[in-house]
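Biologist: I have a model open on my screen and would like to learn how to read its features. Could you walk me through them?

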Amino acid sequence: MKLHEDTARIQDLLGEYCRTGEDTEIPGVTPGRVHHYRRLVYNVVRDTMDSAYPITLAALGEEHWDLLVQDFFSSGIPQTPQIWKLPFEFYRYHASQETGSRIRKPYLEDLLYFEWLEIEVHTMPDRPYPDFRKHGNIFNDRLAINPEYEIIRLEYPVHLHAVKEATDLKGDYFVLIFRSPETGYVQFLNLSVLNTYIFTRLVEDGVPLNELKGDIASVSGIESGKYLDDALEKFIGDLMKKKLILGFLKN
Amino acid sequence: MEGKVGIGLRRDIADVILKSKELSPDFLEIVPENWMGIGGQWNRIRKAAVEKYPITCHGLSLSIGSAEELDWNFIRDLKSFLDENNVRIFSEHLSYTKSQNAHLYDLLPIPFRRDAVDHVVDRIKRVQETLERPLAIENVSYYTPVAAEMTEIEFISEIVERADCKLLLDVNNVYVNAFNHKYDAKEYIGKLPLDKVEYIHMAGHEQVEPDLIIDTHGQPIIDPVYDLFEWTIQRMDPVPVLLERDYNFDELDQLQSELAHLKSIIKKHWKVSYESSTGKISSAEPSGVSSAEPSGVHVTTK
Ligand SMILES: [Fe+2]
């Protein structure tokens, strides 16, 4: 490296001041000017977090939220060159620090994860769509599934309730977050454990629903028959309406 | 693109720019970091932009002045992005945005020192080799020098000459720096290697203290900056000119009048015709940008 140690150290002094806001002696600067750098740098990061996590910000309140952002920025060592991905590092940092339990907001990790997933699904690279036709039989034909989705498991139902209520409803929640093929907008669906099982099997096995009915019946304890068929028809119909199931595979 | 006037395709305004009949930029500038590796709606908008307009790219995260090694994975991805979008002009800032292995997402001033010149020259050369295209390095606004051992003009001129790179001359930044550090803007520009200028930025700024201007890209360009621009372009060959605006997009007709103002100055001194000189510029409505409203509940548009 051609940069002398002395120059590198001076650059790092300014960098560290911008990250931490802790006053430090930086040689050869104009008095009263350096603080603008801390302000400008921090504002960019704070704005990025504010727009990524509006629900968490509202739930924690301004002051508390700011402490979380400051903590992350001074100790988290941002790695991504793409600032729109920084909220993911923020989530990972606070999950690894177990911030939620430290500040007695047990829902924190789930809420950050849920809010981040909206961005991730909205921006993730395009996935190849299957060849499909619009008409077919939902039991006998293989279903064509919109590939642009993620399923996450949450302990607190932050996708359904305000955080105060969600805190008292600890359990197992599955959320399917997906991107609309037409608009690119993101929607989510709360899935029951059974529906999560059905959807996952449809994706993984790639077989017609009929072939899964036996397994679904034994997992759910619902006997094969009209009642189960009606429930499956309703579930699949709903996914089709939301364009999560696009139609029927051509081959 | 020489003498043409463009505008930045910022996400907040991307859809509006592509659909607008009021705004007529000749080209668009894209910040690659904001569009690389993205799918969905933004990808459709990027594709529509590339179909309709010539594109320049203006990077943010290269951190040419940092002590740590360059991020070669990032630079390779960047090259693919530039190739994919047919980008000839790629510019970056003469600053550092990374320190102690942490990204800072803003432009910090490199100390004007001889070892920093050597360091930056070496890094620009290696980046140009990997990108297989010249790098246009931008004079940045700075609010304080840091441990300087030479002047800003010596620093930047020597880097551009020795790295054999191009210069992105941000005229507003010269104005801002001349004001903040009390030097003569014309004298500064007169000493720059103007034959190396590949691209010009024009922008607005905000005065926050009696003796301090911050480069915000949120305000209209002020007259003294237009004057400095006019003085400058008489001393150099035509290059593309960008109206750099990152915030406050409320009034499109105001942006359009700034584009028109820039063109009227350019026409006085450079031989440029603004009748759609490329088929691309005059092409019809962008395709592939969905204008449909989202359906269903729980919709977010982040
Ligand atoms: Fe600029």
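Modeller: We will go through aromatic rings, charges over rings, empty spaces, cysteines and a few residue positions. Keep in mind that this is a predicted model.

Biologist: Let's begin with aromatic rings. How many aromatic pairs are there over all chains?

Modeller: A pair of aromatic rings is described by the distance of the centres and the angle of the planes. Here the count comes to 16 aromatic pairs over all chains. Take A:Y149 and A:F199, an edge-to-face pair with 5.2 Å from centre to centre and 85° between the planes. This pair links distant parts of the chain, 50 residues apart: A:Y149 belongs to strand β3 (residues 149–154) of chain A, and A:F199 to helix α9 (residues 193–205) of chain A.

Biologist: Are A:Y149 and A:F199 buried or exposed?

Modeller: Both A:Y149 and A:F199 are buried. For a contrasting geometry, turn to B:Y183 and B:Y188, which are stacked at 5.3 Å centre to centre with 15° between the planes.

Biologist: And why does B:Y188 count as buried?

Modeller: B:Y188 has 5% relative accessibility, so B:Y188 counts as buried; the cut-off is under 20%. Its partner B:Y183 is partly exposed, with a relative accessible area of 25%.

Biologist: Which residues form one aromatic cluster in chain A?

Modeller: That cluster is made of A:Y53, A:W65, A:F72, A:F90 and A:Y93.

Biologist: What sits over the ring of A:F139?

Modeller: It is the charged end of A:K213, 4.8 Å from the centre of the A:F139 ring. Chain B offers a case with arginine: the charged end of B:R235 sits over the ring of B:W231, 3.7 Å from its centre.

Biologist: Now to the empty spaces. How many cavities of 30 Å³ or more does a search of the whole structure find?

Modeller: Rolling a probe the size of a water molecule over the atoms shows where empty space is left. In this model the search finds two cavities of 30 Å³ or more. The largest cavity has a volume of about 110 Å³, and its lining includes B:L94, B:P109, B:F112 and B:Y188. You have already met B:Y188 as the stacking partner of B:Y183.

Biologist: Which helix gives the most to the lining of the largest cavity?

Modeller: Helix α5 (residues 152–163) of chain B does, with three residues. By class, the lining of the largest cavity divides into nine nonpolar, one polar and two charged residues.

Biologist: What is the volume of the second largest cavity, and what lines it?

Modeller: The second largest cavity holds about 70 Å³ of space. Its lining has 13 residues, with B:S61, B:L62, B:L70, B:D71 and B:K98 nearest its centre. The classes here are four nonpolar, four polar and five charged.

Biologist: How do I read the second largest pocket?

Modeller: Start with the space in it, about 220 Å³. Then look at the lining: there are 15 residues, of which A:Q82, B:M36, B:G37, B:D77 and B:F81 lie nearest the centre of the pocket. Two elements of chain B, α2 (40–52) and α3 (72–84), each give two or more residues to this lining. The largest share, six residues, comes from α3(B). The lining has five nonpolar, five polar and five charged residues.

Biologist: How many disulfides are there over all chains?

Modeller: A disulfide is a covalent bond between the sulfur atoms of two cysteines. The search of the whole structure finds zero disulfides over all chains. B:C165, for instance, is in no disulfide, and the nearest cysteine sulfur, that of B:C57, is 17 Å away. B:C165 counts as buried at 2% relative accessibility, and A:C18 is buried with a relative accessible area of 0%.

Biologist: Finally, where is B:D15 found?

Modeller: B:D15 is in helix α1 (residues 11–19) of chain B, and at 24% relative accessibility B:D15 counts as partly exposed. B:D15 and B:I45 are 30 residues apart in sequence, with 6.9 Å between their C-alpha atoms.

Biologist: Where would I look for A:I138?

Modeller: Look in the loop between β1 (132–133) and β2 (143–145) of chain A. A:I138 is buried, with a relative accessible area of 14%. The C-alpha atoms of A:I138 and A:D230 are separated by 12 Å, and these residues are 92 residues apart along the chain.

Key:
Residues are numbered from 1 along each chain as its sequence is written. Chains are lettered from A and ligands numbered from 1 in the order in which they are written. This is a predicted model: local features need pLDDT of at least 70, side-chain atom pairs count only at pLDDT 80 or more; totals for chains, interfaces and linings use all residues. Side-chain values use heavy atoms; hydrogens and water are left out. Rings of Phe, Tyr and Trp (its six-membered ring) pair if their centres lie within 6.5 Å; planes under 30 degrees apart count as stacked, over 60 as edge-to-face and the rest as tilted. Helices (H or I, at least four residues) and strands (E, at least two) are DSSP runs, numbered from the N terminus. Buried means under 20% relative accessible area, exposed over 50%, partly exposed in between (1.4 Å probe, protein chains only). A charge sits over a ring if NZ of Lys or CZ of Arg is within 6 Å of the ring centre and within 35 degrees of the ring normal. On a 1 Å grid over the protein atoms alone, a cavity is a set of points where a 1.4 Å probe fits but cannot get out, and a pocket is an open set with protein on both sides within 12 Å along at least five of seven lines; lining residues have an atom within 4 Å of a point. Grid points are joined across faces, edges and corners, and a volume is the space filled by probe spheres set on the points. Ala, Val, Leu, Ile, Met, Phe, Trp, Tyr, Cys and Pro count as nonpolar, Asp, Glu, Lys and Arg as charged, and the others, Gly among them, as polar. A disulfide is a pair of cysteine sulfur atoms within 2.5 Å.
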